[in-house]
Amino acid sequence: MAQITAAMVKELRERTGQGMMDCKKALEAAGGDIEKAIDDMRAAGAIKAAKKAGNIAAEGAIAYKVAADGKSAVIIEVNSQTDFLALQDDFKAFVAESLEKAAAENYTDATPLIEVQEPAREALVAKCGENVNIRRLTRVEGDVLGGYLHGNRIGVLVTLKGGDQELARDIAMHVAASNPQFLDPSQVSDEMIAKEKEIFMALNADKIAGKPENIVENMVKGRINKFLAEGSLVEQPFVKDPEVTVGKLAANAGAEILSFVRYEVGEGIERAEEDFAAEVAAQLEAAKK
């Protein structure tokens with residue numbers, strides 16, 4: 001029998017909207033074959049319909065909570081299939097309840113939250129008819145924490161050494177708007193720099209052809225420096241005052257940025273390509289029969 005992995009269980013949950021344990025049992029019975037597990041669940045009446053292309057939940061909401069003492073915070077992402085559901089009171093209540101439990105129990109990842117919220121999730125799925133998933137959770141601790149929400153789609157937590165919550169919130173707002181890839185240039189791996197160099201060389205092959213090696217090296221160095229500045233939080237111009245970098249902003253307040261967490265709804269989730277014209281044509285064809 002194929003080994004049943006957490007990734008397989010997660011995929012089956014996303015495609016069927018069924019509980020984690022039900023999905024695990026179905027996979028075990030199907031010998032690890034996801035398609036067979038879906039067919040078996042449908043045949044048993046466990047699910048009314050499961051699109052084999054996947055009931056992908058890539059919409060939803062981000063929420064965060066900073067503890068009363070300001071020393072810890074938690075941020076979560078809960079996904080739905082449509083942005084319409086994400087704006088409904090039932091979904092909002094589920095997100096709020098999930099967040100409160102995550103904060104109260106000091107969860108450091110989503111696994112225990114998913115387990116404890118499974119009955120509530122199943123009830124919401126049954127009521128709304130859409131797949132809903134608690135996707136991820138991050139807990140942070142520090143001397144000074146601040147957060148920012150852009151609607152319900154982008155959430156950021158920032159940890160500072162020194163400064164205050166207002167400064168942390170301003171920096172979190174910047175992170176939401178500018179989406180830095182890393183805190184500072186020291187966090188960028190040699191592999192990432194080598195890849196950026198390779199991309200630059202490929203895109204500018206005609207410009208560097210025939211140029212002396214030292215000229216090419218200077219061109220590459222300039223591009224890498226630009227890449228590091230654009231992608232590094234501390235090197236980016238502050239959105240509220242482009243004359244100062246974010247790193248300088250913090251330093252001027254006697255603070256140091258230690259870390260940030262940025263969540264955006266659905267990032268990294270492969271969304272199904274929808275062909276509306278083909279769907280309409282198929283419905284018309286079916287209506288003729």
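What follows is a chat about the strands, helices and cores of a predicted model.

Reader: Before the details, how many helices and strands are in the protein chain?

Author: This is a predicted model, and its protein chain holds 13 helices and 8 strands.

Reader: And what share of the residues is buried?

Author: Of the 289 residues in the protein chain, 40% are buried. The accessible surface of the chain comes to about 16,100 Å², and carbon and sulfur atoms account for 52% of that surface.

Reader: What share of the contacts with a separation of 6 or more comes from residues 24 or more positions apart?

Author: Such residues account for 63% of the contacts in the protein chain that have a separation of 6 or more.

Reader: Let's go to the sheets. What is the strand order in the one that contains strand 5?

Author: That is an open sheet of 3 strands in the order 4-5-8, with antiparallel pairing. Strand 4 and strand 8 are its edge strands, each pairing on one side only, and neighbouring strands of the sheet are turned by 15° against each other on average when direction is ignored.

Reader: How many bridges does strand 5 make with strand 4, and how many with strand 8?

Author: Strand 4, residues 144-150, pairs with strand 5 in the antiparallel sense over 7 bridges, while 8 bridges join strand 5 to strand 8, residues 256-264, again running antiparallel. On the strand 4 side, Leu 149 stands opposite Gly 155 and His 150 has Ile 154 as its bridge partner; on the strand 8 side, Val 158 stands opposite Phe 260.

Reader: What about the hairpin of strand 4 and strand 5, which residue there takes a positive phi?

Author: Gly 151 does, with a phi near 60°, in a hairpin that has 3 residues between the strands.

Reader: Is strand 5 mostly covered or mostly open?

Author: Strand 5, residues 154-161, is mostly covered, with 7 of its 8 residues buried.

Reader: Which residues have the most contacts inside the largest nonpolar core?

Author: That core has 23 residues, and those with the most contacts inside it are Val 156, Val 158, Leu 160, Ile 171, Leu 233 and Ile 257. The elements giving two or more residues to the core are strand 4, strand 5, helix 8 (165-178), helix 12 (246-252) and strand 8; of these, helix 8 gives the most, with 6 residues.

Reader: Take Leu 160, then; what does it touch?

Author: Not counting residues up to four places away in sequence, Leu 160 touches Asp 143, Val 144, Leu 167, Ala 168, Ile 171, Glu 256, Ile 257 and Leu 258. Another core, of 21 residues, lies apart from the one just described, and among its members are Phe 94, Tyr 107, Leu 113 and Val 125.

Reader: Switching to the sheet with the order 1-2-3, why is one side of strand 1 and of strand 3 left without a neighbour?

Author: This is an open sheet of 3 strands with antiparallel pairing. Strand 1 (59-66) and strand 3 (132-141) stand at its edges, and each has a single partner strand, so one side of each has no neighbour in the sheet. Strand 1 is joined to strand 2, residues 72-80, by 8 bridges, one of which pairs Ala 63 with Ile 76.

Reader: Which strands does helix 5 lie across?

Author: Helix 5, residues 89-104, lies across strand 1, strand 2 and strand 3, and runs at about 145° to strand 2.

Reader: And how far apart are the axes of helix 5 and helix 7?

Author: Their axes are 11 Å apart, with helix 5 and helix 7 (residues 118-128) packing at an angle of about 170°. Angles over 145 degrees count as roughly antiparallel, so helix 5 is roughly antiparallel to helix 7. At this contact, Asp 90, Phe 91, Phe 94 and Glu 97 in helix 5 meet Ala 120, Arg 121, Leu 124 and Lys 127 in helix 7.

Reader: One last residue: why does Lys 65 count as partly exposed?

Author: Lys 65, found in strand 1, has a relative accessibility of 30%, and partly exposed covers the range between under 20% for buried and over 50% for exposed. Leaving out residues up to four places away in sequence, Lys 65 touches Ser 72, Ala 73, Val 74, Leu 99, Glu 100 and Ala 103. The C-alpha atoms of Lys 65 and Gly 146 are separated by 9.7 Å, with the two residues 81 residues apart along the chain.

Methods. Residues are numbered from 1 along each chain as its sequence is written. This is a predicted model: local features need pLDDT of at least 70, side-chain atom pairs count only at pLDDT 80 or more; totals for chains, interfaces and linings use all residues. Side-chain values use heavy atoms; hydrogens and water are left out. Buried means under 20% relative accessible area, exposed over 50%, partly exposed in between (1.4 Å probe, protein chains only). Helices (H or I, at least four residues) and strands (E, at least two) are DSSP runs, numbered from the N terminus. Two strands pair if DSSP finds at least two bridges between them. Contact means heavy atoms within 4.5 Å. Axes are lines fitted to C-alpha atoms, for helices over the stretch in contact, and angles run from 0 to 180 degrees between N-to-C directions. Accessible areas come from the Shrake-Rupley method with a 1.4 Å probe; for residues, only the protein chains shown count as cover. A nonpolar core is a set of buried Ala, Val, Leu, Ile, Met, Phe, Trp, Tyr and Cys residues joined through side-chain atoms within 4.5 Å. Angles under 35 degrees count as roughly parallel, over 145 as roughly antiparallel, 65 to 115 as roughly perpendicular and the rest as oblique.
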